[in-house]
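Me: Could you walk me through this model with a few questions and answers? I have the sequence and the 3D view open.

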Amino acid sequence: MKDVFFIERDPYAPIRHCYAVNKVLYESKSDYQEILVLESPEFGKLLVLDGVVQLDEKYEFMYHEYLAHVPLHAHPNPEDVLIIGGGDGGTLREVLKHESVKRAVLVDIDKEVIEVSKKFFPTLSSGFDDPRSIVVNEDGYKYIQDYEGEFDVVIVDSTDPVGFAHVLTTEDFFRFVHRALKDDGIFVGQTESIHYHLDMVVKVQKNLQRVFPIVDLYTSVVPIYAGYWWTYSIASKKHPVREPSREVKVQTKIYSADMHRYAFLPESFYKSILEGGFRY
Ligand code: AG3
């Protein structure tokens, strides 16, 4: 295939990314979504769900390392971790790098995404074979309601929370998360871009503030997500989150103790975002 382009169908962004691609490796409709795997000369393989690019092989670490390592290093001893979504395995791979982790439960509603990742994205899905991993194919919103004081860290690695994953950003959901966490538990969820989704980011922050005593926002730049300046909303029952609470020993491409601190917005700007002082 020469000069063939895939135009992303991202209903939540005001622009369309257009990727040069050289192969369609997989295309199907699962019980929940359209799944597409493409190969691109620049990005490697791409995983596309319902027309929205979820990850690429080249830059996925810019998302997965931040999503997993900031909460896990803020916690002094994470043993039990719950991942909601994340069926590609990228977040799980990062979580399992922590020796303290005894059990990582991944709850993704769509079994087919996991199968596709095992087949096409071996560098992401490697953690599924780890004996500490438990995979559950259920609705994460329902799953979490059965637990109390169970997890040290809960991570939401969902598709865009402005779509059917929206429930994962509501105050109700955060109350279930709070209950499912141990007394010093930490939550994080991916919350889209500061550029195109600022209102949503602020709303999620406020929902979290109604439930958790410590709430904050950190960011990384993800070149394949429209809006680029990607946010992660973090909430903690006890531990401060802006600093790693222990030495960083995991092997990563970009995450480090310095990058952890640098990922958080300066207090003044964070305040201005939340209070509406900053707007476009
Ligand atoms: N999870 C977040 C993807 C959000 C992408 N949104 C977008 N491009 N509008 C990705 C799954 C990776 N584990």
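Here are some questions about the sheet, the ligand and a few residues, each with its answer.

Me: Before we start, what kind of model is this, and how are residues numbered?
Reply: This is a predicted model, in which local features need pLDDT of at least 70 and side-chain atom pairs count only at pLDDT 80 or more, while totals for chains, interfaces and linings use all residues. Side-chain values use heavy atoms, with hydrogens and water left out, and along each chain, as its sequence is written, residues are numbered from 1.

Me: In what order do the strands of the open sheet of 4 strands stand?
Reply: Strands here are DSSP runs of E with at least two residues, helices are runs of H or I with at least four, and both are numbered from the N terminus. Two strands pair if DSSP finds at least two bridges between them. Strand β3 (residues 23–29) is joined to β4 by 6 bridges, and 6 bridges also join β4 to strand β5 (residues 44–49). With antiparallel pairing, the order is β3-β4-β5-β6.

Me: Why is one side of β3 and of β6 left without a neighbour in the sheet?
Reply: Strands of a sheet pair through backbone hydrogen bonds, either parallel or antiparallel. β3 and β6 (52–56) each have a single partner strand, so one side of each lacks a neighbour in the sheet: they stand at the edges.

Me: Which residue of β4 is the bridge partner of K23?
Reply: β3 and β4 form a hairpin, with 4 residues between them. Within this pair, E27 stands opposite L36 in β4. For K23, the bridge partner in β4 is E39.

Me: Is strand β4 largely enclosed or open?
Reply: Buried means under 20% relative accessible area, exposed over 50%, and partly exposed in between (1.4 Å probe, protein chains only). In β4 (residues 34–40), 5 of the 7 residues are buried, so the rest of the structure leaves this strand largely enclosed.

Me: Which residue in β8 is the bridge partner of I83?
Reply: Strand β7 (residues 80–85) has 6 of its 6 residues buried, so it is largely enclosed by the rest of the structure. β7 runs parallel to strand β8 (residues 103–107), and 5 bridges join them. In β8, the partner of I83 is L106.

Me: How much of the ligand's accessible area does the protein cover?
Reply: The ligand is surrounded by 14 residues (a heavy atom within 4 Å), and the closest are D10, H64, D88, D157 and D160. A nitrogen atom of the ligand is 2.7 Å from an N or O atom in the side chain of D157, and a ligand nitrogen atom lies 2.9 Å from a polar side-chain atom of D10. A polar backbone atom of S158 is 3.0 Å from a nitrogen atom of the ligand. Of the 390 Å² that the ligand has accessible on its own (Shrake-Rupley method, 1.4 Å probe), the protein covers 98%.

Me: With which side chain does the side chain of H64 make a polar contact?
Reply: H64 sits in helix α1 (residues 61–74) and is buried, with a relative accessible area of 2%. Leaving aside neighbours within four places in sequence, its contacts (heavy atoms within 4.5 Å) include L55, D88 and D157. A polar contact is a pair of N or O atoms within 3.5 Å; within protein, one must be able to donate a hydrogen and the other to accept it, and residues adjacent in sequence count only if both atoms are side-chain atoms. At 2.8 Å, the side-chain partner of H64 is E60.
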